[in-house]
Amino acid sequence: MYYRLQEYCRLVAGARRGAVYNLQTGKVLSINQGALQLLHACQQSPLEDVLDIHAPEDKAFVDFLHRLAEMGLGSFYLDKPSAARTEPPAESPKLNFLWLELTSNCNNRCLHCYATSGPCADSDAVPHDRWLSLIGEARAAGADAIQLIGGEPLLYPRWRELVLKARAENFDFVEIFTNATLIDDDCVAFCKQHGVNIATTIYADNAAVHDRVTLNPGSFAKTMAAVEKILAAKVPLRIASIIMKANETEAKNIMDLCAKLGVEVTPPDVVRPTGRGDDKDLLPAAYTKPPIRPPFYTDPDSFAKAQRCHTCLAGKIAVTAGGDVIPCIFARDQICGNILASPLADVLNGQRLQQCWHTTKDKVEKCKDCEYRYACTDCRPLAQGSDSAKRWLACSVDCPYNPYTGKWEE
């Protein structure tokens with residue numbers, strides 16, 4: 001007799017416990033070390049070589065196998081099952097999304113700005129023609145989504161030409177992330193005509209708190225006036241928010257405002273420890289995002305991707321106003337090349353970017369020994385920024401699980 005997990009199940013070992021990933025339902029079942037060892041043995045040998053199904057001392061193990069079968073996770077076989085499935089060969093990630101930081105100049109002076117942008121920033125170095133050619137190179141490399149960002153992208157005088165170039169290259173998704181204080185009727189009409197999405201940030205539902213974050217008096221009124229224009233024109237709008245000490249009482253107010261406006265409501269994120277945001281005095285005292293906790297879910301594509309590359313970073317790049325290529329707007333020190341010195345293709349195929357893209361949980365401190373590692377989210381820039389030594393492979397700060405004890409800490 002034999003026992004095998006179902007074809008759609010995967011067994012993942014951790015330091016103290018294991019997990020059965022059901023890729024049919026997406027659920028992840030935690031199991032103890034004894035169950036993990038039993039299933040490993042069953043995958044390799046006949047059941048009679050693993051335990052005595054009639055012996056009282058093995059009854060608990062047999063009952064466990066029956067429970068898995070009842071859950072649709074395993075089966076008993078009289079004859080030896082066919083050879084185990086072979087996983088499809090791993091495909092290297094390809095570029096699919098890029099941020100273009102057109103300028104480091106900004107009319108706001110936000111307390112937490114990850115790019116340290118402001119009215120006096122002077123790091124712009126990319127000629128307009130290089131931005132244009134870069135958009136073509138990115139599309140040729142496979143990118144189909146692009147976001148123009150800054151600083152404040154509307155301070156870049158020829159941003160409309162970049163939108164037209166992206167549209168000429170048949171990008172599926174074009175978005176401008178702006179503080180919206182400079183948006184006028186012509187801007188809204190242009191975005192509507194060319195199918196451009198707009199994203200902006202609101203830090204409160206009132207001017208006193210919002211302007212305290214932007215350090216730009218009147219910014220809330222201008223942003224909200226622009227929001228009304230955008231919505232009236234039926235241009236797709238996304239509103240994001242960041243919570244820090246200066247606005248930590250505003251999370252619910254912001255979400256209520258988004259609901260009232262009729263845009264997607266998402267819980268605000270916490271300030272990222274990057275740029276001016278890397279300041280403990282900015283951290284909110286009470287507001288936190290929910291910590292990582294079960295239940296965990298996955299799917300066949302996500303499970304496969306998590307084993308070969310980083311589930312968020314892979315396929316993305318940001319290009320700064322100075323031409324540096326980084327894997328994320330928050331990963332400011334992970335410079336993988338510069339588009340003023342190299343064609344984009346060389347940077348994409350370069351060792352530095354490929355290492356970032358292939359930063360799996362199998363390489364991350366603590367996570368590499370966790371049985372949930374292929375179903376868990378991960379933000380490398382946040383983990384690095386929160387680490388006292390600023391290590392790229394530091395474990396996530398918001399995970400209370402200890403894989404070495406198998407226990408969730410309070």
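**A walk through two sheets and two cores**

Hi everyone, let me start with one pair of residues: Leu-98 has Ile-146 as its bridge partner in β7. Before I go on, please keep in mind that this is a predicted model.

That pair belongs to β6 and β7. Strand β6 covers residues 97-101, and strand β7 covers residues 145-149; the two run parallel and are joined by five bridges. A second pair in the same place is Leu-100, whose bridge partner in β7 is Leu-148.

So, how many of the residues of β6 are buried? Five of its five. On one side you find Phe-97, Trp-99 and Glu-101, on the other Leu-98 and Leu-100, and with all of these buried, both faces of the strand are covered. As background, side chains in a regular strand alternate between the two faces of the sheet.

Let's zoom out to the sheet. It is open, with seven strands in the order β10-β9-β8-β7-β6-β13-β14, and its pairing is mixed. At the edges sit β10 (237-240) and β14 (325-326), each pairing on one side only. Helix α4, residues 128-140, packs on this sheet and touches β6, β7 and β13 (316-319). The direction of α4 makes about 170 degrees with that of β6. Then there is α8, which lies across β9 (197-201) and β10 and runs at about 155 degrees to β9.

Now for the cores. The largest nonpolar core has 84 residues, and the ones with the most contacts inside it are Leu-100, Trp-131, Ile-146, Trp-159, Phe-171, Ile-183 and Ile-317. You will recognise Leu-100 and Ile-146 from the bridge pairs. Which helix gives the most to this core? Helix α8, residues 219-232, with five residues.

Take a look at Trp-131 for a moment. If we leave aside neighbours within four places in sequence, its contacts include Leu-100, Glu-101 and Leu-102, as well as Val-126, Tyr-156 and Val-319. Apart from the 84-residue core lies another one, of 17 residues, with Val-20, Ile-31, Leu-38 and Val-62 among them.

That brings us to helix α3, residues 59-70. This helix has 12 residues and reaches 16 Å from its first C-alpha to its last, close to the 16 Å expected at 1.5 Å a residue. Which residues of α3 are buried? Val-62, Phe-64, Leu-65 and Leu-68. They sit on the same side of α3 because they cover an arc of only 155 degrees around the axis. Ala-60 and Glu-70 are exposed, on the face turned away from that buried side. What covers the buried residues includes β1 (2-5), β4 (28-31), α1 (33-44), α2 (47-50) and β5 (74-77). Just after α3, Gly-72 takes a positive phi of about 80 degrees.

Last stop: the sheet that β4 belongs to. Here three strands form an open sheet in the order β2-β3-β4, with antiparallel pairing. The edge strands are β2 (9-13) and β4, each pairing on one side only. On average, neighbouring strands of this sheet are turned by 20 degrees against each other, direction ignored. Between β2 and β3, residues 18-22, there are five bridges. One of the residue pairs here is Arg-10 with its bridge partner Tyr-21 in β3.

Thanks for listening, everyone!

Notes
Residues numbered from 1 in each chain as written. Predicted model: local features only at pLDDT ≥ 70, side-chain atom pairs only at ≥ 80, totals over all residues. Heavy atoms only, no water. Helix = DSSP H or I, 4+ residues; strand = E, 2+ residues; numbered from the N terminus. Expected span 1.5 Å × (residues − 1). Buried < 20%, exposed > 50% of the residue type's maximum accessible area, 1.4 Å probe, protein only. Arc of directions from axis to C-beta. Contact = heavy atoms within 4.5 Å. Core = buried A, V, L, I, M, F, W, Y, C linked by side-chain atoms within 4.5 Å. Pairing = 2+ DSSP bridges. Axes fitted to C-alpha atoms, helices over the stretch in contact; angles between N-to-C directions.
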